[in-house]
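Colleague: Hi! Could you walk me through this model in plain words?
Modeller: Happy to, let's open it up.

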Amino acid sequence: MHSKIINKVAKEYFKPHSIKQKGRSRIWLDTQDWFSIIIEFQPFSGRLGTALNVAVNFHWLEQDYFSFDVGGRIYTEQEQFIEYKDEDDFEVQVKNFCEIAIIKISEYRNIFNSFENAKDFILTYNFTSNSIYGNYHKYIICRLTKNSDLARKYFQNLLSIENEHNLAWIDKVKNAIRELNLLSDDEFFKEIQSIIKRTKIMKKIDTE
């Protein structure tokens, strides 16, 4: 019953904003050109209810899954997890979550409405695995805004990281940035557009 309430309320709030449900899951996607905003009503094992995650996933690194590149768990004045005890009360709390999500979605849409506008935010953001993903994202935004000197800094920072545990995902990011660094600005921009398109297909996002 609680999942039906979540889906019903989320549809009421998100559909007017062109935000689509991912299959039949408790995840909703606001997909823009080069990123998606992920709204997740996250369940907790053994408990009926939901927490709320709102995050941004960039599409300029090829992968077939969604990651929380910016953002994540939303904390309110109430507990971060709302528990299903009563239908009416739970619906009110889910509506509150949706209202908070809409505000956060609007905030992210404004921050990332252009590469130039997003640049300062990305360069000062502390990413998860900041030495790997952070340097990659910062390199990309610098190249897209034609700041080659600063891009070189993040390129060198990333390649200087020692992969002590031989983790494949670290080598993947390093190899990706090496290949991109060989391209001229025009070639780079075209390749990023191609990567975004391929990645959205891999994630099964409607690209039309």
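Colleague: Is Glu107 buried, partly exposed or exposed?
Modeller: Glu107 is partly exposed, with a relative accessible area of 35%. Here buried means under 20% relative accessible area, exposed means over 50%, and partly exposed is in between, using a 1.4 Å probe and protein chains only. Keep in mind that this is a predicted model, where local features need pLDDT of at least 70 and side-chain atom pairs count only at pLDDT 80 or more, while totals for chains, interfaces and linings use all residues. Residues are numbered from 1 along each chain as its sequence is written, and side-chain values use heavy atoms, with hydrogens and water left out.

Colleague: Which side chain does Glu107 meet in a salt bridge?
Modeller: That would be Lys104, at 3.3 Å from N to O. A salt bridge is a side-chain nitrogen of Lys or Arg within 4 Å of a carboxyl oxygen of Asp or Glu. Lys104 is partly exposed too, at 22%.

Colleague: And how far apart are Glu107 and Lys104 in helix H2?
Modeller: They are 3 residues apart, so about one helical turn separates them. Helices (H or I, at least four residues) and strands (E, at least two) are DSSP runs, numbered from the N terminus.

Colleague: How many salt bridges does the structure hold?
Modeller: There are 9. One of them pairs Arg109 with Asp30, whose closest N and O atoms are 2.8 Å apart. This pair links distant parts of the chain: Arg109 sits in helix H2 (residues 87-111) and Asp30 in strand E2 (residues 27-31), 79 residues apart.

Colleague: Is Asp30 buried or exposed?
Modeller: Asp30 is buried, with just 2% relative accessible area. Arg109, on the other hand, counts as partly exposed at 27%.

Colleague: Any other salt bridges to look at?
Modeller: Try Arg198 and Glu191, with their closest N and O atoms 3.2 Å apart. Arg198 is partly exposed at 33%, and so is Glu191 at 27%. There is also a network: Lys8, Glu12, Glu91 and Lys95 are joined by salt bridges that share partners.

Colleague: New topic: where is Ile39?
Modeller: Ile39 lies in strand E3 (residues 35-44). It is buried, at 0% relative accessibility.

Colleague: Which residues is Ile39 in contact with?
Modeller: Setting aside neighbours within four places in sequence, its contacts (heavy atoms within 4.5 Å) include Phe14, Trp28, Asp30, Leu52 and Ala101. So Asp30, the salt-bridge partner of Arg109, turns up again here.

Colleague: What about the largest nonpolar core, how many residues does it have?
Modeller: It has 58. Such a core is a set of buried Ala, Val, Leu, Ile, Met, Phe, Trp, Tyr and Cys residues joined through side-chain atoms within 4.5 Å. Ile39 and Phe112 are among the residues that touch the most other members. H2 gives the most to this core, with 9 residues.

Colleague: And the neighbours of Phe112?
Modeller: Beyond four places in sequence, Phe112 is in contact with residues including Trp34, Phe58 and Phe121.

Colleague: Last one: what does the whole chain look like?
Modeller: The chain has 7 helices and 6 strands. From the N terminus, the order is α-β-β-β-β-β-β-α-α-α-α-α-α. Its C-alpha trace spans about 60 × 40 × 30 Å along the principal axes. Of its 208 residues, 44% count as buried.
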